Amino acid sequence: MVFEGIVIHKVPYKERDLVVKLILRNGTMGSFYIYGGQGGGKHHKPTIFELGSMVKVMIREQRSRIDGSELMIAQESQRLWEPQNIRHNIQAFYLICLYFEILQKFSVNFQIGSSEYNNQEHDGIFSVISNAIFHLNDVLGKNEFVAHQHMTLFMVKLLFHLGIMPDTDNCSYCGNSLMEAEGASFLPANGQFACLQCVSGENEKGFLLRIKKGYQTKYQDIRELTGTNFQEADKLVHYFCHHFQLKPVELKSYGLLLR
Ligand SMILES: [Zn+2]
């Protein structure tokens, strides 16, 4: 059986082996044991399992399987694509680490025997992450990388695919159009906005407009998503965390990114 996916986590094991987690094309998360996966050895082979790389893994037929074990043993593996520019930019690197941490908080584990590889239920997640990495690498090559712009677009696309996009059309209390309201405030606990007639709070209409814009913006047009900032990207991360009952401090790369 052959799998394709993006490396989102890796742990060295023994002297030269690796345990890697891939976000697979079908949007689930697969764990693989790779003999010699760390590279090195007599010929100083480099590893092909850099974070963010797209790889292809063929697994060994496992005759005796421990029930419930999700680790698959790789027989052959190959790199299909690597984000060459990301590892040279520390902020971009922490950003993809954050994406991968976020993915691991909700992704479903692929279990051979009980999961269907061709099931398309979660494949939107794969397109969100693969587009994010491809275009992040691309703008780095053009010197156009703006961290909060990428973080904002990623979070908006992700929230949409998870089905937890905040309603940006109507006030959650009175139902009136938010576009016509003079101001709107974000209520992360409900994942909704309210007009300033109904709640008194910070006017976050700019944030609302950028969520709408992000929803409509394709990754290749990311430079059109203007006016983003870390503060707003942070609100989206907090909202995600609130929804999944996490604390932002549990996302280790987040602290590194904002440092
Ligand atoms: Zn209202």
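Domain bounds here come from an automatic or database domain assignment. In this predicted model, that assignment splits the chain into domain 1 (1-145) and domain 2 (163-245). The C-alpha centres of domain 1 and domain 2 are 32 Å apart. Six residues from domain 1 and six residues from domain 2 make up the contact.

**The domain 1 side of the contact**

- Two helices, α1 (90-106) and α2 (123-141), each provide at least two residues of the side of domain 1 that touches domain 2.
- The most comes from α1, which gives three residues to that side.
- By character, the residues on the side of domain 1 that touches domain 2 are two nonpolar, two polar and two charged.

**Helix α2: length and end**

- The 19 residues of α2 should span 27 Å at 1.5 Å a residue, and this agrees with its end C-alpha atoms, which are 27 Å apart.
- Just after α2, N143 has a positive phi of about 60°.

**Helix α2: buried face**

- The buried residues in α2 are I125, F126, V128, I129, A132, I133, L136 and N137.
- Viewed down the axis of α2, these buried residues fall within an arc of 165°, so they line one face of the helix.
- An α-helix has 3.6 residues a turn, so residues three or four places apart point the same way.
- The cover over the buried residues of α2 includes β1 (2-13), β2 (17-24), α1 and α3 (147-161).
- Helix α1 thus appears in two places: it is among the elements covering the buried residues of α2, and it gives three residues to the side of domain 1 that touches domain 2.

Notes: Residues numbered from 1 in each chain as written. Predicted model: local features only at pLDDT ≥ 70, side-chain atom pairs only at ≥ 80, totals over all residues. Contact = placed C-beta atoms within 7 Å. Helix = DSSP H or I, 4+ residues; strand = E, 2+ residues; numbered from the N terminus. Nonpolar A, V, L, I, M, F, W, Y, C, P; charged D, E, K, R; others polar. Expected span 1.5 Å × (residues − 1). Buried ≥ 20, exposed ≤ 12 C-beta atoms within 10 Å, placed from the backbone. Arc of directions from axis to C-beta.
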